[in-house]
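Here are my comments on the model you sent. Please read them with the structure open.

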Amino acid sequence: MAEPSLRDPFMQAAIDEAKAGLAEGGIPIGSVLVIDGQVVGRGHNRRVQRGSAILHAEMDAIEAAGRLKASGYRRATLHSTLSPCDMCSGTALLYKIPRIIIGENRTFRGPEDYLRSRGVVLEVLDHQECVRLMEEFIRARPDLWDEDIGE
């Protein structure tokens, strides 16, 4: 069976963003916001690079999309290499993004049950490259990882 990113170019774009973040000295989490089959925002975790308290990958992708009409968000799918945290999940709920594709939730699991209870459709790919990127990073930089998730 082919890797999920080969079937999903949007998850591959999120993985590319994660790798860009790692290459910049940050945390390897990437995300893209897709509306009507087009990437409208892409981003990666830039907390380290920008000295930000909140610039997770999903927040970066949504910010990069700029101001959108409510109808745009309601047709959107958020692709993220890692299960979104409470902050990023809350942003998806605020803008009523109906679908989130998650690369993996082994190394971190956000409030997925809560998202589902609010009507968000989640698909967890268990993508091996996403798992590998995070496992290697967490082993190498547990201090930075704990900071990112508020531990």
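The points below cover a central helix, its packing, the cores, the cavity and a few single residues.

1. **Status of the model.** This is a predicted model. Please read every value below as computed from that predicted model.

2. **Helix 4.** Start with helix 4, residues 57-65. Seven of its nine residues are buried, so the helix is largely enclosed by the rest of the structure. The buried residues are Ala57, Glu58, Met59, Asp60, Ala61, Ile62 and Ala65. Note that Glu58 and Asp60 are on that list.

3. **What covers helix 4.** The cover over its buried residues includes three strands: strand 1 (30-35), strand 2 (38-44) and strand 3 (76-82). It also includes helix 5 (70-73) and helix 6 (86-94). Gly66 follows helix 4 and has a positive phi, near 75°.

4. **Helix 4 against helix 6.** The two helices pack at an angle of about 35°. Their axes are 8 Å apart. Helix 4 brings Glu58, Met59 and Ile62 to the contact, and helix 6 brings Met87, Cys88 and Thr91. By class, the contact residues are four nonpolar, one polar and one charged.

5. **Helix 6 itself.** Which residues of helix 6 are buried? They are Cys88, Ser89, Thr91, Ala92 and Leu93. These buried residues pack against helix 4, strand 4 and helix 7 (112-117).

6. **The end of helix 6.** Lys96 comes just after helix 6. Its place is in the loop between helix 6 and strand 4. Lys96 is not a glycine, yet its phi is positive, about 60°. Its relative accessibility is 47%, so Lys96 counts as partly exposed.

7. **A second positive phi.** Asp126 is also a residue other than glycine with a positive phi, here near 50°. It lies in the loop between strand 5 (121-124) and helix 8 (128-140). Asp126 has a relative accessible area of 32% and is therefore partly exposed.

8. **The largest nonpolar core.** In soluble globular proteins, nonpolar side chains tend to be buried together. The largest nonpolar core here has 15 residues. Leu33, Ile97 and Ile100 have the most contacts inside it. Strand 1, helix 4, strand 3, helix 6 and strand 4 (99-104) each give two or more residues to this core. Apart from it lies another core, of twelve residues, including Ile27, Ala57, Phe137 and Leu144.

9. **Ile97.** What does Ile97 touch, leaving aside residues up to four places away in sequence? Its contacts are Leu33, Ile62, Tyr73, Ala76, Leu78, Ala92 and Val120.

10. **The cavity.** How many cavities of 30 Å³ or more does the structure hold? There is one. The largest cavity contains about 80 Å³ of space. Its lining is Ile29, Asn45, His56, Glu58, Leu82, Ser83, Pro84, Cys85, Phe108, Trp145, Asp148 and Ile149. Seven of the lining residues are nonpolar, three are polar and two are charged.

11. **Leu82 at the cavity.** Leu82 is one of the lining residues and sits in strand 3. Is it buried or exposed? Its relative accessible area is 3%, so Leu82 is buried. Beyond residues up to four places away in sequence, Leu82 touches Ile29, Glu58, Ile102, Gly103, Glu104, Thr107, Phe108, Met134 and Trp145. Its C-alpha atom is 9.2 Å from that of Ala57, and the two residues are 25 apart in sequence.

12. **His56 at the cavity.** His56 also lines the cavity. It lies in the loop between helix 3 (47-50) and helix 4. At 9% relative accessibility it falls under the 20% cut-off, so His56 counts as buried. Its contacts, again without residues up to four places away in sequence, are His44, Asn45, Arg47, Cys85, Met87, Cys88 and Asp148. The C-alpha atoms of His56 and Gly43 are separated by 8.4 Å, with their positions 13 residues apart along the chain.

13. **Gly150.** Gly150 is in the segment after helix 9 (142-148). Its relative accessibility is 63%, so Gly150 counts as exposed. Gly150 and Ala53 are 97 residues apart along the chain, and their C-alpha atoms are separated by 10.0 Å.

Key
Residues are numbered from 1 along each chain as its sequence is written. This is a predicted model: local features need pLDDT of at least 70, side-chain atom pairs count only at pLDDT 80 or more; totals for chains, interfaces and linings use all residues. Side-chain values use heavy atoms; hydrogens and water are left out. On a 1 Å grid over the protein atoms alone, a cavity is a set of points where a 1.4 Å probe fits but cannot get out, and a pocket is an open set with protein on both sides within 12 Å along at least five of seven lines; lining residues have an atom within 4 Å of a point. Grid points are joined across faces, edges and corners, and a volume is the space filled by probe spheres set on the points. Ala, Val, Leu, Ile, Met, Phe, Trp, Tyr, Cys and Pro count as nonpolar, Asp, Glu, Lys and Arg as charged, and the others, Gly among them, as polar. Buried means under 20% relative accessible area, exposed over 50%, partly exposed in between (1.4 Å probe, protein chains only). Helices (H or I, at least four residues) and strands (E, at least two) are DSSP runs, numbered from the N terminus. Contact means heavy atoms within 4.5 Å. A nonpolar core is a set of buried Ala, Val, Leu, Ile, Met, Phe, Trp, Tyr and Cys residues joined through side-chain atoms within 4.5 Å. Axes are lines fitted to C-alpha atoms, for helices over the stretch in contact, and angles run from 0 to 180 degrees between N-to-C directions.
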